[in-house]
Amino acid sequence: MKLNTAAMRYLSNDDFRVLTATEMGSKNHEIVPTTLIVQIAGLRGGAGVGNCISELAKANLIARVKNAKYDGYRLTYGGYDYLAIKAFSNRRTVYSVGNQIGVGKESDIFVVANEKGRKCVLKIHRLGRISFRSVKNNRDYLRNRQSASWMYLSRLAAQKEFAFMKALYENGFPVPEPIDNSRHCIIMSLIPGFPMRQLSSHEDPSALYSSLMSFIVRLANHGLIHCDFNEFNIMILDEPKSEDEQFVVIDFPQCVSLDHVDAERYFKRDVDCIRRFFEKKLGYVSEDYPIFQRDAKRVASLDIDVQASGFSKKLVKEFEKAISESREKGEDATDHEEIGEHHGDKEDEEEDDEEDNEGENEDGADREDEPQE
Ligand code: ADP
Ligand code: MG
């Protein structure tokens, strides 16, 4: 999905207030009634707010939605991105946004820089793109609106990833340095390297193999299982620090505690992933590999530390439940009516942020932009 930073330059403080009001309103409303936006924004004069709403809709930061009962607006991914980047900008963790370097099914990755020119990575989580049809068809969704919301799911994913990255980083694991977190976004250090999947040969596969397996075991000893430990989430450093420090591990939202009921299966899956990759790509097979019952002995409890740091057991449960519900429902076409605020401008009506995330990547050269202070 395109990251629209252009709007950052021309939105006024009042526009920002109205955008924030829409975000606040979405905590309790799938579609925020216009009257509520006006009330939360607390700006004098209805016409002023009307203009702000028009500007925001034109910039695709909010979208007008007409449902059976009332007219209102919902925050778009673009609007949510804007709020997060604005927060980073205010906290001086991000000054400019550069190229997109990765696009996954559930995330977008950009290079960003701070005022001092330090390059970092912005990871934007994009989860739970649930259609209005499935919302309508499922009363539970209406009752637990929060757990069905893409905003809530994406925010939880980012919060979880940030919390785990922080705990791992502080305990000396080779992971990116976690720098900042706002809403569904995290800022982390840029790893000078490439995903292991690009590796077609290696001068000493056994050393790399051993240190990757040691990582899995050490992680388990600290009470955690990565659960997505594959060649896409292991970055090989351009300049290895030593035999044991050749890689950095990324992507933790699916990480689970060693106490998870499926811990053994997940552990084995991570181990098998590495074994398979080494056999297929590097022609390396070893009879030596970690075994859950023998090697996954807990000596520390990062899983508990993370819970204490804010990502509670309850949140973990909620997140897992929401993710599996959301994936079961899948994505299908929306059947609600969405109207461009500025009448007659067909072009923008089509710019639905939730549908156009395919084929929008790798051309970020012109997105160099300065967020408004
Ligand atoms: P996803 O959840 O979509 O798989 P990842 O966190 O795995 O997202 O990131 C996707 C891709 O973006 C990675 O395979 C890697 O190429 C790149 N990437 C992510 N984080 C970093 C980082 N900190 N430094 C360098 N590249 C990164
Ligand atoms: Mg990944």
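**Exercise 1. Describe how strand 11 and strand 12 pair, and place them in their sheet.**

Step 1. Strand 11 and strand 12 are joined by three bridges in the antiparallel sense. Strands are DSSP runs of E with at least two residues, helices are runs of H or I with at least four, and both are numbered from the N terminus. Two strands pair if DSSP finds at least two bridges between them. The model is predicted: local features need pLDDT of at least 70 and side-chain atom pairs pLDDT 80 or more, while totals for chains, interfaces and linings use all residues. Residues are numbered from 1 along each chain as written, chains are lettered from A and ligands numbered from 1 in written order, and side-chain values use heavy atoms, without hydrogens or water.

Step 2. The open sheet holds three strands in the order 9-11-12, paired antiparallel. Strand 9 (193-195) and strand 12 are at the edges with a single partner strand each, so one side of each has no neighbour in the sheet.

Step 3. Within the pairing, Met-235 stands opposite Val-248 in strand 12.

**Exercise 2. Find the protein donors of the magnesium ion (ligand 2).**

Step 1. Donors are N, O and S atoms within 2.8 Å of the metal (3.2 Å for Na, K and Ca); water is not among the atoms, so sites may look incomplete. Asn-233 (OD1) and Asp-251 (OD) qualify, at 2.1 to 2.2 Å from the ion.

Step 2. Asn-233 is in the loop between strand 10 and strand 11, and Asp-251 in the loop between strand 12 (247-249) and strand 13, so the pair ties together parts 18 residues apart in sequence.

Step 3. Both Asn-233 and Asp-251 are buried. Buried means under 20% relative accessible area, exposed over 50%, and partly exposed in between (1.4 Å probe, protein chains only).

**Exercise 3. Follow helix 11 from its span to its partners.**

Step 1. Helix 11 (residues 263-282) has 20 residues and reaches 28 Å from first to last C-alpha, close to the expected 28 Å. The expected span is 1.5 Å times one less than the number of residues.

Step 2. Its buried residues include Tyr-266, Ile-274 and Phe-278. Among the elements that the buried residues pack against are helix 10 (205-221) and helix 12 (292-295).

Step 3. Leaving aside neighbours within four places in sequence, Phe-278 is in contact (heavy atoms within 4.5 Å) with residues including Met-196, Leu-212 and Tyr-284.

Step 4. Just after helix 11, Gly-283 takes a positive phi of about 60 degrees.
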